[in-house]
Amino acid sequence: MKVKGIGIDINDDRVNGDIDAFKAELDYFQDCGFDTIELTTSGLFFILNGKLNWKQTRSICKVLSKYRFNYTLHLPDVLNLGNSPNPDIEKEIFSSCIAFGAEAGAEVLVYHSGQVFYELHSQQKREDCLNRETDALAELAEKSKTFGILLTIENVNPEPEELKYITERGLSKEDVRLLHPAMYLDPIAEQVEQIDAPNLGMTLDPGHLNLAIEVTGEQLLASIDKQAHLVKHLHLNDNFGRNPHPRYSKREQLLYGMADCHLPPGMGSMPIFEILKRLPAFGGYIIFEVKAEYREYLRDSIAGIKKHIASLSD
């Protein structure tokens, strides 16, 4: 394992478009010892109605130029190139993110898989959405290649409304696989291999996978083993593998070890070291996705991950 860098994502709520708050975040992360920053679209406000806001983009890039970080970019979580009522604006937003990434010097773009089909009850409609997404990704990968940007597709976890849908209808694991392929690594891998672009790969989010297996029945480490060769970017955080329940508020969920709680690696129950061992050929960035309330634990968590990486590189 030869990691390019260890970074962290920008917290949208703390920045909320404020350039001074953005600078403070970068200063703090630099002090923590991170060498890479994953920029986000939702907190930096550089896109308006699908188009790049050049004034905000220039302000952001001016700030970024004063630091020696590596940069990656996470696209909007809701962006969906396949299953959307308005595919044109989805594609326009994606293209604007590529343009921003080129200006900001982002090496990697992260896109949540759009293979989510709960309201599509015919196989033909699901196939149409998948084909639409695949064609768009092929085109956008070609556009990204012009700027030397790696485009990656990330696996997702079930959202509360999706868990409710699955539970209320008593869906089988076979049904879940048909309606929500984005929770599995195999369908994403198949799409990546079908497109076969040199600058296209997978972002592995083991935290998402750890929550998804509660409804998919997949095995965490076995799933990673199978598709490790396609993983080009890694999101890292911790949880306890329990999905949220509507009875509990977001604050209460943590008491019960529920939800995608974005703990620093090592604070939950995930087998972090075993996950890293499954990625011997990995040579990309590791990005911590950790909630702001756990910042005091970041330095210890970084030290732990660096120790794991060193032992795997010997």
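# A guided tour, starting at helix H9

Begin by selecting helix H9 and colouring Leu185, Asp186, Pro187, Ile188, Ala189, Gln191, Val192 and Ile195, which are its buried residues. Keep in mind as you look around that this is a predicted model. Helix H9 covers residues 185-195, and 8 of its 11 residues are buried, so the rest of the structure largely encloses it.

What surrounds the buried side of H9? Show H6, E7, helix H8 (173-179), E8, helix H10 (206-216) and helix H11 (220-227): the buried residues of H9 pack against these elements. Then step just past the end of the helix to Asp196, which follows H9 and has a positive phi, near 55°.

**Next stop: a salt bridge that starts in H9**

Go back to Asp186 and add Arg177 to your selection. Their side chains meet in a salt bridge, with 3.9 Å from N to O. Are the two partners buried or exposed? Asp186 counts as buried, because its relative accessibility is 13%, while Arg177 is partly exposed at 32%. Now select Asp225, Glu274, Lys277 and Arg278, which are joined into one network by salt bridges that share partners.

**Next stop: the barrel**

Switch to a cartoon view and pick out the strands E1-E2-E5-E6-E7-E8-E9-E10. These 8 strands, in that order, form a closed barrel with parallel pairing. From one strand to the next, the twist averages 30°.

For a closer look at one pair, select strand E7 (residues 150-154) and strand E8 (residues 200-204). The two run parallel and are joined by 4 bridges. Which residue of E8 stands opposite Ile153? Label Met202 and you will find it there.

**Next stop: the nonpolar cores**

In soluble globular proteins, nonpolar side chains tend to be buried together. To see this model's largest nonpolar core, start from Phe22, Leu39, Phe94 and Phe288, the residues with the most contacts inside it; the core has 75 residues. Helix H5 (residues 87-104) supplies the largest share of this core, 6 residues.

Now centre the view on Phe94. Leaving aside residues up to four places away in sequence, Phe94 touches Leu75, Leu79, Leu81, Leu109, Tyr111, Leu137, Leu140 and Leu151. Elsewhere there is a second, separate core of 13 residues, and Tyr118, Val176, Tyr184 and Ala212 are among them.

**Last stop: two more salt bridges**

How many salt bridges does the structure hold? There are 12, and two more of them make a good end to the tour.

First, select Asp31 and Arg299, whose closest N and O atoms are 2.6 Å apart in a salt bridge. Asp31 lies in helix H2 (residues 19-32) and Arg299 in helix H14 (residues 298-313), so this pair ties together parts that are 268 residues apart in sequence. Asp31 counts as exposed, with 54% relative accessibility, and Arg299 is partly exposed, with a relative accessible area of 37%.

Then move to Lys145 and Glu142, which form a salt bridge with their closest N and O atoms 3.5 Å apart. Both residues sit in helix H6 (residues 123-146), and because they are 3 residues apart, about one helical turn separates them. Lys145 is partly exposed at 39% relative accessibility, and Glu142 is partly exposed at 48%. Helix H6 also takes you back to where you began, since the buried residues of H9 pack against H6.

Notes. Residues are numbered from 1 along each chain as its sequence is written. This is a predicted model: local features need pLDDT of at least 70, side-chain atom pairs count only at pLDDT 80 or more; totals for chains, interfaces and linings use all residues. Side-chain values use heavy atoms; hydrogens and water are left out. A salt bridge is a side-chain nitrogen of Lys or Arg within 4 Å of a carboxyl oxygen of Asp or Glu. Buried means under 20% relative accessible area, exposed over 50%, partly exposed in between (1.4 Å probe, protein chains only). Two strands pair if DSSP finds at least two bridges between them. Axes are lines fitted to C-alpha atoms, for helices over the stretch in contact, and angles run from 0 to 180 degrees between N-to-C directions. A nonpolar core is a set of buried Ala, Val, Leu, Ile, Met, Phe, Trp, Tyr and Cys residues joined through side-chain atoms within 4.5 Å. Contact means heavy atoms within 4.5 Å.
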